[in-house]
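Trainee: Could we go through this structure together, one question at a time?

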Amino acid sequence: MKKIDISKFQSLIGLIVFSVIVAFINSRFMTTSNILNILRQTSINAVIATGMTFVILTGGIDLSVGSILGFSGAVAAMMLASGVDSIIAIPVALIVGLVVGALNGVLISKGKLQPFIVTLATMTMLRGATLVFTDGKPIGTGFEANSKLFAWFGNGYVLGIPVPIIVIIVTFLVALFVLTQTKIGRYVYALGGNEEATKLSGISTDKVKIFVYAISGMMAALAGIIITSRLSSAQPTAGSGYELDAIAAVVLGGTSLAGGTGTIVGTMIGALIIGVLNNALNLMDVSSYFQMLAKGSVILLAVLLDRKNK
Amino acid sequence: MKKIDISKFQSLIGLIVFSVIVAFINSRFMTTSNILNILRQTSINAVIATGMTFVILTGGIDLSVGSILGFSGAVAAMMLASGVDSIIAIPVALIVGLVVGALNGVLISKGKLQPFIVTLATMTMLRGATLVFTDGKPIGTGFEANSKLFAWFGNGYVLGIPVPIIVIIVTFLVALFVLTQTKIGRYVYALGGNEEATKLSGISTDKVKIFVYAISGMMAALAGIIITSRLSSAQPTAGSGYELDAIAAVVLGGTSLAGGTGTIVGTMIGALIIGVLNNALNLMDVSSYFQMLAKGSVILLAVLLDRKNK
Amino acid sequence: QSQPAATEEPAAEEAAGAAKIGLVVSTLNNPFFVSLKEGAEQKAKDMGMELVVLDSQNDPAQELANVEDLLTQGVSLILINPTDSDAVGNAIIAANNKNVPVVTLDRGANQGEVVSHIASDNVAGGVMAGEHIVSLLGGKGKVVELEGIAGTSAARDRGQGFNDAIAGTEIEVVAKQVADFDRTQGLSVMENILQAQPEIDAVFAHNDEMALGAQKAIEASGREIIIVGFDATDDAVAAVKEGKMSATVAQQPSLIGELGVETAKKILDGESVEDFVPVDLQLVTE
Amino acid sequence: MKVNNMREVILRMENITKEFPGVKALDNVNLNVYKGKVMALLGENGAGKSTLMKILSGVYKKTSGELYYNNAPLEVANPKDAMQKGIAIIHQELNLIEEMSVAENIFMGRYPSSGGRISWKNLHDESRRLLDKLGMDINPKTKVGSLSIGQKQMVEIAKALSFDAQIIIMDEPTDALTDSEAESLFKVIKELVSEGKSVVYISHRLPEIFQICDDITILRDGQFIDEMPVSEMDETILIEKMVGRKLEEQYPYIAPLSDETLMEVKNIKNEFVSDISFVVKKGEILGVAGLMGAGRTELAKSIYGSIKCEIKDIMLDGVKFEAKNEKQALSQGIVYVSEDRKKEGLVLGMSVAKNVTISSLGRFSKGQLINKKQEKESVLHYKDAMRIKTPSLDQSVKLLSGGNQQKVSIAKSLSTQPKILIMDEPTRGVDVGAKKEIYELMNEFKRNGLGILMISSEIPELLGVCDRIMVMSEGKIAGVLSRDKANSNEIMRLAIGAGV
Ligand SMILES: Nc1ncnc2c1ncn2[C@@H]1O[C@H](COP(=O)(O)OP(=O)(O)OP(=O)(O)O)[C@@H](O)[C@H]1O
Ligand SMILES: Nc1ncnc2c1ncn2[C@@H]1O[C@H](COP(=O)(O)OP(=O)(O)OP(=O)(O)O)[C@@H](O)[C@H]1O
Ligand SMILES: O[C@@H]1[C@H](O)[C@H](O)CO[C@H]1O
Ligand SMILES: [Mg+2]
Ligand SMILES: [Mg+2]
């Protein structure tokens, strides 16, 4: 236990050191408004990465999150545009994500298929479905009474704190509780640690798998709602490539892709590292080509440092 | 052994059945010119997937192939544009791929890092480097004497067979030989089956890892040369997303992402399934959004069928 | 470079039924090209022509494969909207070799024989946007440029036109960032720029998707900034009407598609066509 | 069949047949389990013992046959179903989740919880209680991954006990245990029996059978041979029934040929062991005894180059032996056979043939090219010499019985033709017949003037085959006993540190 704590601490220290350096270079970086800005931008990736953490802890992977995000966002926008109230549209979009995710889980567990290929296939299919369904055009959410709550979700404030930040804090606390204090949470770790042994202990590993992919799908849908709300419009291509950022956040947070070890706290730090990095590079007006170079190097550096501490 | 043979056979049968159906729907499908056409289109993915097979057999993954492809293509084009002869430019580009791949391998083995995250980082970095280096603009290979051989590589014919098809046949035979008849090939399988035991068996697992990533990098560079030659121009964004098609080909071919089992013959069949699918959907005039839906479904179906036979 | 004997004769079936022509689009993940495609489809329907549409997904290698597949299908003409003006060359040469005429749409080709090119002039559009900003700011101020996908000709040309237009004025580009022609990227990149730059007078985005994303960021920050986009998509035109954006350079993608099919028809009927058909650009302001 | 009327049959397995592709593992086998008694299930490696027990515990589905529990027909759908019906099993191979705590492993799948939240205190207290019962002094919060293999085995036992099952199957539970732990286990078995519970006990350590079992069922080649009370049995008959022939002398000892030094370890020091100096002579088997955690495995791995050393001063055959890794050790003539064949010894998914030659491919290759004919011949030689039971050389190792897997692991190291063979628990899970074959192989090795370092927790075995026995305690050498001076009391005395 102690070991993990130190390493958590280390990536956090890395994040802090990096932030201090950026703050020296650019005085705007450490302002309250920019910090809220970073947190709000990070919320999308952090939400997806939370779901991804569940999946990766079992030794799986979910490449379809970006497409689920796009799909559920489009579903929500479509409903709002046709006059359905937010109070219906939001849960429906979440359930769509949950169901699609559970479907991934069923294919993987009952079909005994490799997660990578299943979610690669559903990623492609869902993106196709979204494009068919939206005809390749963005769908506006409208600005009528029925979409007020929806708009608030991405753009509103509670006590001066943007709603997406509240969402990610709540998500984090719930995930932390589930992973450390509940049976299903522990089974997630067990499954990732040794599937055979978990099965022999009488645990339905199929159910655990379906659970984690369903969670991942629902989290992706939640991210889709936030993005769609922020843009007041659902983009048919929204979320493409987000899976990689989410996986990067999870791994930067010290979770092993082999499953069985990792923490949700780590994932949050991982997501923050990526968020701060993106923001800092933009603030310092680094050209986008060099941004790619820098981003890749920092990720490498972060995992190397993390390893050294183990 | 028998089991494996049957399953190989099955995906091949699937491929043949599918082809026959398409041939009935569209009479142009089974013409010699279209078959050569499919093979030539498939060659890029098949070459990358061959390298990827080595990596995946060890239980690793290489996300950087698309970026290596883009980078080495740009290096080759740059050299040709500045008057260097093909006979130099081609090997240099291959070596660039090899070295970058080996670097992945060193980071993964000596750094004890997860392949996914290392190659994700180098994927980002190399794409950035390519964009910096080309200034975001395509580089023409020119049509001078010095680029004749280079142009032939992607566009030429030998006895009526396009050169890229010859390239993939040769690549396939060499890979088959290495994986089944040599020590290093055996070690690749052993490493993927049980790293700990392989190490204790006195095998330098680090070297095996560096080897497979180097091969993967070189194969990506070879694909980069073919593409650049076919387009007479190196695109800074060439190869983005190709890693997914290559991984799909490997998995469709029956290789497990956990490592240790799989064949190069399977990978070739996997690449052909994807190639035939793309071509058939185009020939049958399926709209591009529905193509995505169809592609995803066929991949799922293929892995499901493959599993049934095991 | 040797070529195999042409075993198939693609034009052979031409007389049999309605002429079949192909349209290869750089990507259908962008409403602009969706409009272009729809214009072409509508026109083809009206004229009783069969149109096959293929999507290159912004990948020149896929584009080449698409052209090869069309040639196999035996289309009698190819309309192509290149992913890149250089990289499309061999695809066009492949069509040339089979004597299938080629018309380029929206973006040109630097190699091969093209019967006609139908497009708006992106450099000119960039200049329009630049001049609009120059006049609104009175030739002085700080602007941000949101760039399209690195390496695409549209991004290059619009950037060039824009920078040409502001050259020699006292307008300074204080930040220049790529946001990939994408609305979500436009939002987060602009948010970050807003944090970094205390003073911004105007934003030029290489397309409307990014402009609309940036508009969201600016709205949330409560600052007053002139926004100019490109394309005049429905959403953007609405935003201009509401005063949320200052202007957008209207291309007429649907018209580009329609003209493409019309031109194709003329070529197949043996009529002569112009080798460049310019499509008007317009600055849409409130 | 003699069935004592005073015994109450709680479970009957009748005419059980199990076929795997190409292998008939069980052919009309019967088994009775009596209430409050310990039934031994014996047979050679590959006889079908584990397969029979996996059918009983719901891991495998039988091809045909019937089960009766308290005289009512019994169906076992899956492992969970078996547990719910009161049947618990300790599998032959460890099934633990290394990254999780001891307590979490013991109660895996059955965590006490209230209001959706796991009651950690409950969990830890219950685990503590079980571990105490087994005489195990480990913290329930410890990660299983950091335990030694013997301690892990004890965790498995605690797990099986935690069910409070009516029937407890123990498939070679003492396989990885030293005598003192085995004793604690026997105490627990006696308690269970006195509570009216029944045990099926599988082991290749025959003395144990006479110590704790009431009855014996014998299988051979998937067939039922006999069932009888232990009281009517002696070791010779037992072995004869198991292997189907008479077995002379269990420990075939030959004296060493010379007194010359082959390997001299002058000093080894690292975080696990220190002050290690000893010699192995040409043609000698040096035994290594010690309690669990004494550092024997660590010593072996330090020599072999798997564990870093601060100091390592070794002469091999008059030449300085320096190995920073396994590859270097192998090339200089030292090979190590791991105590954990599943994790460290074998590539389970690969074929028997490929496993045997993986360390010695150089012998069969020109450059990179493997000469497959030569390779096959050599593998066949080992298959015959060690009587490895497999349908073909291409069979995946994971489908072999445990004992046969162990033989493949040893064949792999012999194939490297080493000067020094370090064997860590080499006969773990190996049947009596095969054990003898392994000893014979070791003797042949001896005759060629080569040396063996044999780590074992089975003291009779050490006494039987070794020329000298080195006893370790807490990472140090506690003493070295010559063959004539060695006996189990003396070994135990040194092992618990009394000699230092
Ligand atoms: N899943 C399987 N597939 C194919 N063959 C199997 C499988 N499991 C076991 N076998 C074969 O069935 C036979 C019986 O194996 P089993 O594991 O029951 O033996 P055992 O008596 O427990 O031996 P040991 O003492 O070595 O543990 C062996 O020949 C083994 O190779
Ligand atoms: N991975 C590990 N991390 C921490 N400590 C370990 C690890 N492996 C072993 N140890 C400790 O090292 C010491 C010696 O290990 P081990 O029990 O393997 O010795 P041994 O004498 O070979 O015993 P055995 O009879 O079990 O083989 C023990 O205290 C053990 O707990
Ligand atoms: O003209 C088009 C559109 O502006 C689009 O938004 C990006 O690509 C360009 O070629
Ligand atoms: Mg067994
Ligand atoms: Mg040990």
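What follows is a set of questions and answers on metal, ligands, a sheet and chain contacts.

Mentor: This is a predicted model, in which local features need pLDDT of at least 70, side-chain atom pairs count only at pLDDT 80 or more, and totals for chains, interfaces and linings use all residues. Residues are numbered from 1 along each chain as its sequence is written, chains are lettered from A and ligands numbered from 1 in the order in which they are written, and side-chain values use heavy atoms, with hydrogens and water left out.

Trainee: Which residues coordinate the magnesium ion (ligand 4)?

Mentor: Donors are N, O and S atoms within 2.8 Å of the metal (3.2 Å for Na, K and Ca), and water is not among the atoms, so sites may look incomplete. At 1.9 to 2.1 Å, the atoms that coordinate this ion are OG of Ser50(D) and OE1 of Gln92(D).

Trainee: How many residues apart are Ser50(D) and Gln92(D) in the chain?

Mentor: Helices (H or I, at least four residues) and strands (E, at least two) are DSSP runs, numbered from the N terminus. Ser50(D) is in helix H1 (residues 49–56) of chain D, while Gln92(D) is in the loop between strand E6 (87–90) and helix H3 (102–106) of chain D. The pair links distant parts of the chain, 42 residues apart.

Trainee: Which backbone atom of chain D lies 2.8 Å from an oxygen atom of ligand 1, and in which residue?

Mentor: A residue is near a molecule if one of its heavy atoms lies within 4 Å of it, and 21 residues surround ligand 1. A polar contact is a pair of N or O atoms within 3.5 Å; within protein, one must be able to donate a hydrogen and the other to accept it, and residues adjacent in sequence count only if both atoms are side-chain atoms. Gln92(D) has a polar side-chain atom 2.9 Å from an oxygen atom of ligand 1. The backbone atom at 2.8 Å is a polar one, in Gly403(D).

Trainee: What is the distance from the side chain of Asp231(C) to an oxygen atom of ligand 3?

Mentor: Asp231(C) is among the residues around ligand 3, as are Asn30(C) and Gln251(C). A side-chain N or O atom of Asn30(C) is 3.1 Å from an oxygen atom of the ligand, and one of Gln251(C) is at 2.8 Å. For Asp231(C), the distance is 2.5 Å.

Trainee: Which strands stand at the edges of the open sheet in chain C?

Mentor: Two strands pair if DSSP finds at least two bridges between them. The sheet has 6 strands in the order E7-E6-E8-E9-E10-E12, with mixed pairing. Two of its strands have a single partner strand each, so one side of each is left without a neighbour in the sheet: strand E7 (170–178) and strand E12 (282–285).

Trainee: Is Gln41(A) buried or exposed?

Mentor: Buried means under 20% relative accessible area, exposed over 50%, partly exposed in between (1.4 Å probe, protein chains only). Gln41(A) lies in helix H2 (residues 32–57) of chain A. Because its relative accessibility is 16%, Gln41(A) counts as buried.

Trainee: Which chains share the most contacts?

Mentor: Contact means heavy atoms within 4.5 Å. Chain C and chain D do not touch, and their nearest C-alpha atoms are 37 Å apart. Among the 5 pairs of chains that touch, the most contacts are between chains A and B.
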